[in-house]
Amino acid sequence: MKSNRYGKLNILIIVVAVAFLVLPTYITYTLMKRNDAADQKADEMIFSAENVPEKIEVETPVDPLVAEDHSDNNAELEKDTTAVNPLTVAETPTDAVVADAKKEEIISSETDAEATETDAVPLNGKKVYLTFDDGPSDYTDELLDILDEYNVKATFFVVRQFDKPDKLRRIAEEGHTIGLHSASHVYSKIYADLDSFESDVQGVHNWVEHLTGIDTRLYRFPGGSSNSVSSVSIAECVDYLHANGYEYYDWNAESQDAEKLYLTPEQLNENIMYSVRNNEGDSIVLMHDLDDHYNTVQALPALIETLQSEGYELCTLGDDSPKCQHFVPSED
């Protein structure tokens with residue numbers, strides 16, 4: 001009897017223990033299922049709400065009597081809707097008006113483009129005179145070849161070179177202008193006194209005329225008319241020139257190829273173009289035709305192309321060209 005009692009007690013304890021273990025698990029599983037179902041229901045509601053049309057048209061039952069009474073009014077409403085509003089017509093441009101407006105817009109845009117293009121080019125109707133001092137040299141032929149290639153004429157202020165007669169003749173034969181620069185280009189000799197100056201001018205003049213037959217009366221002072229190396233009065237020299245039919249020419253644009261031999265062709269042209277673009281009138285460009293100035297030869301093609309692309313006219317010096325004289329005589 002006692003053993004049976006203990007046996008039942010053990011079974012009861014086992015059942016209670018199992019109940020305590022299983023019951024929480026069941027409860028937890030049941031709650032999770034309910035939560036999952038609630039979440040699914042919420043998702044379905046949200047999804048259906050997102051797909052609801054913005055406006056739902058509800059068909060209202062039509063009363064036949066009401067529809068018959070208002071049929072004429074509906075017809076009149078439709079007729080008014082399609083009617084032309086005179087005010088709207090007045091405000092709506094016709095095809096002709098639109099075409100004219102487009103035409104005016106095109107003309108206006110073309111005019112603005114032309115104005116912009118013109119403003120970008122510093123023309124002012126100016127001419128440019130390319131001049132070369134101190135030749136002929138070993139590079140004269142190359143300069144002449146380039147000028148011929150671009151069909152450009154220049155002015156050469158020459159120094160008497162007894163060993164280069166053919167180069168001087170070629171300058172003349174190809175239609176370039178010859179000016180006088182010096183017989184010796186030695187400042188101390190040229191400007192020692194007025195007699196020395198006169199002798200120098202006559203020496204280079206006679207040499208040019210003898211070889212080319214040209215009696216040129218264009219002159220450029222060695223060092224310019226405002227030089228500070230002359231022992232004789234420049235005013236007296238000018239008087240001599242004018243008395244004998246000569247006219248002297250200085251410059252208002254220069255490459256600085258004689259003063260700074262290290263300048264590249266690009267830098268030489270930049271120096272020239274800066275002055276040309278900023279001169280109020282025509283520009284007389286100073287360059288040099290010397291054996292140690294090959295960068296001048298290399299710079300010449302790009303210089304010509306730049307001047308021509310900006311619309312400048314390349315000319316030779318003559319009676320109608322500007323004088324551009326640095327020397328200013330005193331009022332006395």
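In this predicted model, Gly 203 touches Arg 160 and Ala 183, leaving out residues up to four places away in sequence. Gly 203 sits in helix 9, which spans residues 194-212. It counts as buried because its relative accessible area is 14%, under the 20% cut-off. Between Gly 203 and Val 159, the C-alpha distance is 9.8 Å, although 44 residues separate them in sequence.

Helix 9 itself has 19 residues. From first C-alpha to last it reaches 27 Å, close to the 27 Å expected at 1.5 Å a residue. Gly 203 is one of its buried residues. The others are Phe 197, Asp 200, Val 201, Val 204, His 205, Trp 207, Val 208 and Leu 211. Several elements cover these buried residues. Among them are the strands 2 (155-159), 3 and 4 (218-219). Helix 7, helix 8 (187-190) and helix 10 (234-243) also take part. Both ends of helix 9 have features of note. At the N-terminal end, Asp 193 acts as a cap, with a side-chain oxygen 3.2 Å from the backbone nitrogen of Asp 195. After the helix comes Gly 213, which has a positive phi near 80°.

Another glycine, Gly 175, is placed in the loop between helix 7 (165-173) and strand 3 (177-182). Gly 175 is partly exposed, with a relative accessible area of 44%. Its C-alpha lies 10.0 Å from that of Asp 148, and the two residues are 27 apart in sequence.

Helix 11 covers residues 265-278, 14 in number. Its span from first to last C-alpha is 20 Å, close to the 20 Å expected at 1.5 Å a residue. The buried residues here are Pro 265, Leu 268, Asn 269, Ile 272, Met 273, Ser 275 and Val 276. Viewed down the axis of helix 11, these buried residues fall within an arc of 165°, so they line one face of the helix. An α-helix has 3.6 residues a turn, so residues three or four places apart point the same way. The face turned away from the buried side carries the exposed residues Glu 266, Glu 270, Tyr 274 and Asn 278. On the buried side, helix 11 packs against strand 1, strand 6 (253-254), strand 7 (283-288) and helix 12 (294-309).

Strand 7 contains Ser 283. This serine is buried, with a relative accessible area of 1%. Its side chain makes a polar contact with the side chain of Asn 279, at 2.8 Å. Apart from residues up to four places away in sequence, Ser 283 touches Lys 127, Val 128, Tyr 129, Asn 252, Ser 275 and Val 276. Two of these partners, Ser 275 and Val 276, are buried residues of helix 11.

Asp 134 lies in the loop between strand 1 (127-133) and helix 6 (140-149). Asp 134 is buried, yet it has no salt bridge. The nearest side chain of opposite charge is Arg 220, 8.3 Å away. A polar contact does join the side chains of Asp 134 and His 185, at 3.1 Å. Beyond its neighbours within four places in sequence, Asp 134 is in contact with Phe 157, Val 159, Gln 161, His 181, His 185, His 288, Asp 289 and Leu 290.

Across the protein, the secondary structure comes to twelve helices and eight strands. Buried residues make up 32% of the 332 residues. Among contacts between residues at least 6 apart in sequence, 76% join residues at least 24 apart.

Conventions: Residues numbered from 1 in each chain as written. Predicted model: local features only at pLDDT ≥ 70, side-chain atom pairs only at ≥ 80, totals over all residues. Heavy atoms only, no water. Helix = DSSP H or I, 4+ residues; strand = E, 2+ residues; numbered from the N terminus. Buried < 20%, exposed > 50% of the residue type's maximum accessible area, 1.4 Å probe, protein only. Lys, Arg positive; Asp, Glu negative; His and termini not counted. Salt bridge = Lys/Arg side-chain N within 4 Å of Asp/Glu carboxyl O. Polar contact = N/O pair within 3.5 Å; in protein donor to acceptor, adjacent residues only side chain to side chain. Contact = heavy atoms within 4.5 Å. Expected span 1.5 Å × (residues − 1). Arc of directions from axis to C-beta.
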